[in-house]
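Let's take a walk through this one together. Keep the viewer open and follow along as we go from the whole chain down to single residues.

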Amino acid sequence: MASHTPKNILITGAAGFIASHVANRLVRKYPQYKIVVLDKLDYCSNLKNLRPSQLSPNFKFVKGDIASADLVNYLLITESIDTIMHFAAQTHVDNSFGNSFEFTKNNIYGTHVLLEACKVTGQIKRFIHVSTDEVYGETDEDAVVGNHEASQLLPTNPYSATKAGAEMLVMAYGRSYGLPVITTRGNNVYGPNQFPEKLIPKFILLAMRGKSLPIHGDGSNVRSYLYCEDVAEAFELILHKGEVGHVYNIGTKKERRVIDVAKDVCKLFSLDADSVIKFVENRPFNDQRYFLDDQKLTNLGWSERTTWEEGLRKTMEWYTSNPEWWGDVSGALLPHPRMLMMPGIEKQFDGPADINGTLSELMKKPTQTEKEVEASKRTANSPQKPMLKFLIYGRTGWIGGLLGQICEKQGIPYEYGKGRLQERSQLVSDIQSVKPTHVFNAAGVTGRPNVDWCESHKPETIRTNVVGTLTLADVCREHGLLMMNYATGCIFEYDAQHPEGSGVGFKEEDTPNFAGSFYSKTKAMVEELLKDYDNVCTLRVRMPISSDLSNPRNFITKISRYNKVVNIPNSMTVLDELLPISVEMAKRNLRGIWNFTNPGVVSHNEILEMYKKYMDPGFKWCNFTLEEQAKVIVAARSNNEMDASKLKKEFPELLSIKDSLIKYVFEPNKKV
């Protein structure tokens, strides 16, 4: 089986629907790939679609037209592009009946420009051309076997004809010049971010507005629908495993009549389908059915994951949460929208500064090819780091206060959140006012003076640690923001698989096994719930220590003032070293769960020995057992070792816990 590992990928049309899901997926999963996206931002493109990638170091956006040969050649050379995923196209059939020349210009000429640039530069190792199932034309109503990749192309409308023409050019360049081309032909795709000229988002938005759902003809036309993330996964597989010179159908054998789609949307909104559905004049020609044979892609290892019911529900929930994503789309909601795409007219970006000003120059409409190239040259020669602005919750807390100091030291603009975590409207107000690029949650109930407090204040603990954290994560996801969430490692306890002193630590994927305190229960609970949020980076802090030995929350300060201490090795977090790393993790757009500790363990006695050596030669202490400790505390305390190898791999310079204690805590405070 062929295998391709790209380095620098150019994705055309990436601010559009399908390509944005593919681009965001590749940026997120493959930080070692550089993803350059090119889009002219016409009426059905939206920079908001690329929000999840905008601050990633492996992502670059260029505003421009694939029909600009100078710009395309310049990008291929200066960005060392070795792979092209060509999505850019005009795709709406209704528009093609009323504005067919624009389809020829975009879909055929634009593809030709790309192919010629690939031939001239001679550096492309994969050219993935994205086509459509409509190039096969209409499938017989009684056919039980779908069109396979070698079936004849019989397009029936201007749109599909231009896509078939583009395919012929791709095939010719593959045969004549040896260009490593792969072509995909896909069924209908639906999901979040889709411009509402398409059937499903149009029906959803009309239903949201209490308007009738227009159906062309009698609604008996049959289509197959795939959820966008499943399709993005298919492109990921084809990128890496697709055979050069081959065509791959991306399809499903599950078919639905248009009228059934309308009825399913009505069910979601509890509408009476008979009174809401309205039959309108049909298209000049409306293919009755498209049916694909997807066995070839299945053999490659792909399968549809999202059921129709699940995908439609997710799509409906997204549009109801983001009703103004596209601005004024009244023209797209007409039964036969043909006025949205006019020659030379591009979609102007409206709304707040969603890309936070970093793409302001790219947002300006280019007037000629030379200016496009000059703008790209300036970008290439003078790389600009994206502007950052942090919104921090936990102003009065230890970590929250230190984060503000780090921002000041690094020159990062920041503001502290004013809203209470459990008050959604207040959080929304904060975000709309501050317009942050990242949100840091350092707020939480840890107990006053310790976790024993939580045992008698359970409602307050749940309200902040669970409800508040989830509310903030949800609001951040709604606004396309990454949330850095400071959690705890006090959700594990040494056990048979992770015995004390063994060096076997708990990993990020391990299930919490400590429930000795109500505080730990709430933190384990919210961590599990946050797994459903892909916009959250959870950092498990453990027994935090800083160089400020006057801070009563500092672990060293605490145990140096105790009469007796237990002597158990534990993983710990030196904040002076790790908090700046958390800021860097935000810049890198890292997500998921991370054991946020220094590698290795250190015992209470070992720390106090360091304290005696560096701070007070006459310092003395006594030990007592866990059983004796239990008599003077309300809630049990967690003791564990956490595996920090994931963090160490991302940040090789990370010191072990003992080395970090000496460098960041004891040497700066040395008195002896």
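What follows starts with the overall picture and confidence, then moves through strands, helices and a few single residues.

First, some ground rules. This is a predicted model, so local features need pLDDT of at least 70 and side-chain atom pairs count only at pLDDT 80 or more, while totals for chains, interfaces and linings use all residues. Residues are numbered from 1 along each chain as its sequence is written, and side-chain values use heavy atoms, with hydrogens and water left out.

Now the big picture. The protein chain has 24 helices and 22 strands; helices here are DSSP runs of H or I with at least four residues, strands are runs of E with at least two, and both are numbered from the N terminus. Of its 672 residues, 57% count as buried, where buried means under 20% relative accessible area, exposed means over 50%, and partly exposed is in between (1.4 Å probe, protein chains only). The accessible surface comes to about 28500 Å², and 51% of that belongs to carbon and sulfur atoms; these areas come from the Shrake-Rupley method with a 1.4 Å probe, and for residues only the protein chains shown count as cover. Contacts (heavy atoms within 4.5 Å) reach a long way along the sequence: among those with a separation of 6 or more, 83% are between residues 24 or more positions apart.

How far can you trust the coordinates? The mean pLDDT (the predictor's confidence in each residue, from 0 to 100) is 86 for the protein chain, and 88% of the residues reach 70 or more. Confidence is highest in strand β4 (residues 83–86), at a mean of 98, and lowest in helix α12 (residues 360–363), at 36. Over residues 94–98 the pLDDT is below 50, though this stretch has 25 contacts in the model beyond near neighbours in sequence. The value also stays under 50 over residues 338–385, for which the model has 82 contacts beyond four places in sequence. Where pLDDT is low, the predicted coordinates should not be read in detail.

Back to β4, and on to its partner. β4 and β5 pair in the parallel sense over 4 bridges; strands count as paired if DSSP finds at least two bridges between them. H86 has H129 as its bridge partner in β5. On strand β5 (residues 126–132), 7 of its 7 residues are buried. R126, I128, V130 and T132 point one way from β5, while F127, H129 and S131 point the other way. β5 also pairs with strand β6 (residues 181–186), again in the parallel sense, over 6 bridges, and V181 in β6 is the bridge partner of F127.

Just ahead of β4, E79 lies in the loop between α2 (69–78) and β4. E79 counts as buried because its relative accessibility is 4%. Not counting residues up to four places away in sequence, E79 touches N8, K34, V36 and K60. Within helix α2 itself sits V72, which counts as buried at 1% relative accessibility. V72 touches L38, D65, I66, V113, L114 and A117, with the same sequence neighbours left out as before: residues up to four places away. V72 and V113 are 41 residues apart along the chain, and their C-alpha atoms are separated by 7.9 Å.

For a geometry check, try helix α11 (residues 308–321). An expected span is 1.5 Å times one less than the number of residues, so the 14 residues of α11 should span 20 Å, and its end C-alpha atoms are indeed 20 Å apart. The buried residues of α11 are W308, G311, L312, T315, M316, W318 and Y319. Seen down the axis they fall within an arc of 165°, so they line one face of the helix; the arc is that of the directions from the helix axis to the C-beta atoms. Their cover includes β7 (188–190), α6, β9 (222–227), β11 (255–257) and α8 (258–268).

Finally, look at helix α24 (residues 657–666), where I657, S660, L661, V665 and F666 are buried. They sit on the same side of α24 because they cover an arc of only 150° around the axis. These buried residues pack against β18 (544–545), α19 (555–561), β20 (573–574), α20 (575–587) and α21 (604–614).
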